[in-house]
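Here are a few exercises to work through with the model open beside you. Take them one at a time, and try each before reading on.

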Amino acid sequence: MSRAGRPAWADPLVWTLALLLALLAGMERLGPLFALAFAELDRPVYLHDSFMALMLAHVGLVLASSAIAAGLGLLVGVAVTRPSGQAFRPLAESLVAIGQTFPPVAVLAIAVPVLGFGAWPALLALALYGLLPILQAVLSGLDAVPAESRDAAIGLGMDGRQLLTRVELPLAWPVIVAGIRSAVLINIGTAAIASTVGVKTLGSPIIIGLSGFNTAYVIQGALLTGLLAVVTDLAFERWSPRPR
């Protein structure tokens, strides 16, 4: 039984994950269905790569870029909320917001001549796109820490580092995780365009399908990407810390 008293099969996370895994492992078996729906296509199922391999590559790219964004967002957020860095807070927020306005495709187009084709331009674009929600969450979470908690910690003799690690970050953590959740979900969708610079992701069937007018490929890639986002969101909802 699930924690809400429902049977496991009725848990949205369980059956959504089961559906994702079933499609990853058995998309080829749906060939007759896609052939019926798209009779004009010679190859109605994407067979250039294993869907499982594409999913693992997609997840790896999202995890790496989200980790970079989370690290930068946390460092910048903490720095500009300290007394010595508060003057730089408006500048940091403006720069990150400006970075968010650049379309990922434009970032890839600028980065490829410098970094070449492959994962590095994609990591740069995704990290840049995930930075804003994480920085905003860090700032909001730290700002929401009650002054009474800070005063009590100072009264107990805590220094600045102890105040941050023992009081401020633990209290702000649920809000920070919510920002990381948003960034990860954004990157799951945005990572699909990384296939335009030679990275194997779940966007590969979408890009090849668009270029080859193969709607079946587009549907397959989009369906798996959407299910991955839903599973991730449900997992965050299940295991995210609750505000204290």
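A cut-off to keep handy: helix axes at angles over 145 degrees count as roughly antiparallel, and 65 to 115 as roughly perpendicular. Keep in mind that this is a predicted model.

**Exercise 1.** Work out how helix α6 (residues 119-143) and helix α8 (residues 160-190) are oriented to each other.

*Solution.* Start with the axes: those of α6 and α8 come within 8 Å and cross at roughly 160 degrees. Now apply the cut-off of over 145 degrees; α6 and α8 are therefore roughly antiparallel. The handedness of this α6 and α8 crossing is right-handed. To see the contact, look for residues including Gly130, Pro133 and Ala137 in α6, which meet a set in α8 that includes Ala172, Ile176 and Gly179.

**Exercise 2.** Do the same for helix α5 (residues 104-115) and α6.

*Solution.* The axes of α5 and α6 lie 8 Å apart, at an angle of about 140 degrees. That makes α5 oblique to α6. Their crossing is right-handed. On the α5 side, the contact residues include Val107 and Ala111; among their partners in α6 are Trp120 and Leu124.

**Exercise 3.** Check the length of helix α1 (residues 12-26), then find what covers its buried residues.

*Solution.* At 1.5 Å a residue, the 15 residues of α1 should span 21 Å, and the end C-alpha atoms are 21 Å apart, so the two agree. Next, pick out the buried residues of α1: Leu13, Thr16, Leu20, Leu23, Leu24 and Gly26. Their cover includes α3 (51-81) and α10 (215-239). Finally, go to the start of α1, where a side-chain oxygen of aspartate 11 comes within 3.0 Å of the backbone nitrogen of leucine 13.

Terms used: Residues numbered from 1 in each chain as written. Predicted model: local features only at pLDDT ≥ 70, side-chain atom pairs only at ≥ 80, totals over all residues. Heavy atoms only, no water. Helix = DSSP H or I, 4+ residues; strand = E, 2+ residues; numbered from the N terminus. Expected span 1.5 Å × (residues − 1). Buried < 20%, exposed > 50% of the residue type's maximum accessible area, 1.4 Å probe, protein only. Contact = heavy atoms within 4.5 Å. Polar contact = N/O pair within 3.5 Å; in protein donor to acceptor, adjacent residues only side chain to side chain. Axes fitted to C-alpha atoms, helices over the stretch in contact; angles between N-to-C directions. Parallel < 35°, antiparallel > 145°, perpendicular 65-115°, else oblique. Left-handed = near helix turned anticlockwise from the far one by under 90°.
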